[in-house]
Amino acid sequence: MYPVARITVEAPVVSVGSGPSDYEGLGRYVRALRRPRGLHMTLLHLGVLDDFCQDVSEWTRGITSASAAARSTVAWLHGLPVLEGFSCSTERLIVLGGGSVSCLEVDVPERVHDYQISLVQALHDLLDGLLVDNVDDFILSSRALGFRSPHWTPHVAVGSPRARSGRSWEVEPLALQFGESRIRNRQLLPVVGQ
């Protein structure tokens with residue numbers, strides 16, 4: 001049993017706009033803005049490791065055990081390439097998560113799209129190696145992965161919407177700076193033998 005922490009590959013936000021007031025200005029649209037230090041863009045969501053491995057074991061009817069899935073998944077995570085930091089911009093606030101989360105829709109460079117696509121392909125390869133059949137069906141139905149759609153919308157969650165209208169809002173253009181990609185909660189991953 002591993003610690004209950006969500007594992008994601010993400011790019012941390014290093015700066016928003018030209019100073020703190022640019023970010024705080026989003027408070028006109030967003031209730032309870034998240035702390036700037038925790039802002040990030042999720043590139044791939046894996047979910048809670050135990051849940052993901054249990055999903056694999058159930059899907060394969062035990063052919064791949066949860067413990068074998070955990071060993072392979074942790075090694076796979078450690079082997080993922082790192083995306084270098086990048087700059088981009090945003091001009092729109094959108095609502096995701098069934099209307100419960102306000103997000104900055106981000107216009108990312110092509111290399112970020114390419115990296116995200118490579119992560120999804122790497123996930124396919126991992127699942128193939130774990131003997132998961134119908135990989136696309138597994139990805140869309142896994143409780144741990146939580147994919148709602150095969151389409152990725154680059155975004156940064158910033159808080160709760162003031163109104164649940166599902167609308168989007170144009171905002172003053174903001175420059176965003178991201179650091180290199182990282183595995184969230186990496187320190188909680190189990191140590192696996194070689």
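1. The loop between α4 (110-129) and α5 (135-141) is a good place to begin, since Leu131 is found there. In this predicted model, phi of Leu131 is near 70°, a positive value in a residue other than glycine. Leu131 has a relative accessible area of 52%, and because the cut-off for an exposed residue is over 50%, Leu131 counts as exposed.

2. A second residue of the loop between α4 and α5 deserves a look in the same review, namely Asn134. Although Asn134 is not a glycine, it has a positive phi, here of about 50°.

3. His124 belongs to helix α4, and its relative accessibility of 19% places His124 among the buried residues, because buried means under 20%. When its neighbours within four places in sequence are left aside, His124 is in contact with Val135, Asp136 and Ile139. For orientation, α5 covers residues 135-141.

4. Glu110 is likewise found in helix α4, but with a relative accessibility of 55% Glu110 counts as exposed. From C-alpha to C-alpha, Glu110 and Gly19 lie 26 Å apart in space, and along the sequence they are 91 residues apart.

5. Turning to how α4 packs, the axes of α3 and α4 cross at roughly 150° and come within 11 Å. Angles over 145 degrees count as roughly antiparallel, and α3 and α4 are therefore roughly antiparallel to each other. Their crossing is right-handed. On the side of α3 the contact is made by Ser72, Thr73 and Trp76, and on the side of α4 by Leu119, Ala122, Leu123 and Leu126. Sorted by class, the residues of this contact of α3 with α4 divide into 5 nonpolar and 2 polar, with no charged residue.

6. Helix α3 (residues 66-78) also packs against helix α2 (residues 49-59), at an angle of about 120° and with the axes 8 Å apart. An angle of this kind falls outside the ranges for roughly parallel, roughly perpendicular and roughly antiparallel, and α2 and α3 are therefore oblique to each other. The crossing of α2 and α3 is right-handed. Leu49, Phe52, Cys53, Gln54, Val56 and Ser57 of α2 make this contact with Ala66, Ala69, Ala70, Thr73 and Val74 of α3. In the contact of α2 with α3 there are 8 nonpolar and 3 polar residues, and no charged ones. A reader following α3 may note that Thr73 is named in the contact with α2 and is named in the contact with α4 as well.

7. Among the strands, β4 (residues 86-96) can be followed to two partners. Strand β4 runs antiparallel to strand β7 (residues 169-178), to which 7 bridges join it, and within this pairing the bridge partner of Arg92 is Glu170 in β7. Strand β4 also runs antiparallel to strand β5 (residues 101-107), again with 7 bridges, and here Ile94 stands opposite Cys103 in β5.

8. What connects β4 and β5, and which residue of the turn has a positive phi? The two strands form a hairpin with 4 residues between them, and in the turn Gly97 has a positive phi of about 65°. Positive phi values were noted above for Leu131, near 70°, and for Asn134, about 50°, neither of which is a glycine.

Terms used
Residues numbered from 1 in each chain as written. Predicted model: local features only at pLDDT ≥ 70, side-chain atom pairs only at ≥ 80, totals over all residues. Heavy atoms only, no water. Axes fitted to C-alpha atoms, helices over the stretch in contact; angles between N-to-C directions. Parallel < 35°, antiparallel > 145°, perpendicular 65-115°, else oblique. Left-handed = near helix turned anticlockwise from the far one by under 90°. Contact = heavy atoms within 4.5 Å. Nonpolar A, V, L, I, M, F, W, Y, C, P; charged D, E, K, R; others polar. Buried < 20%, exposed > 50% of the residue type's maximum accessible area, 1.4 Å probe, protein only. Pairing = 2+ DSSP bridges.
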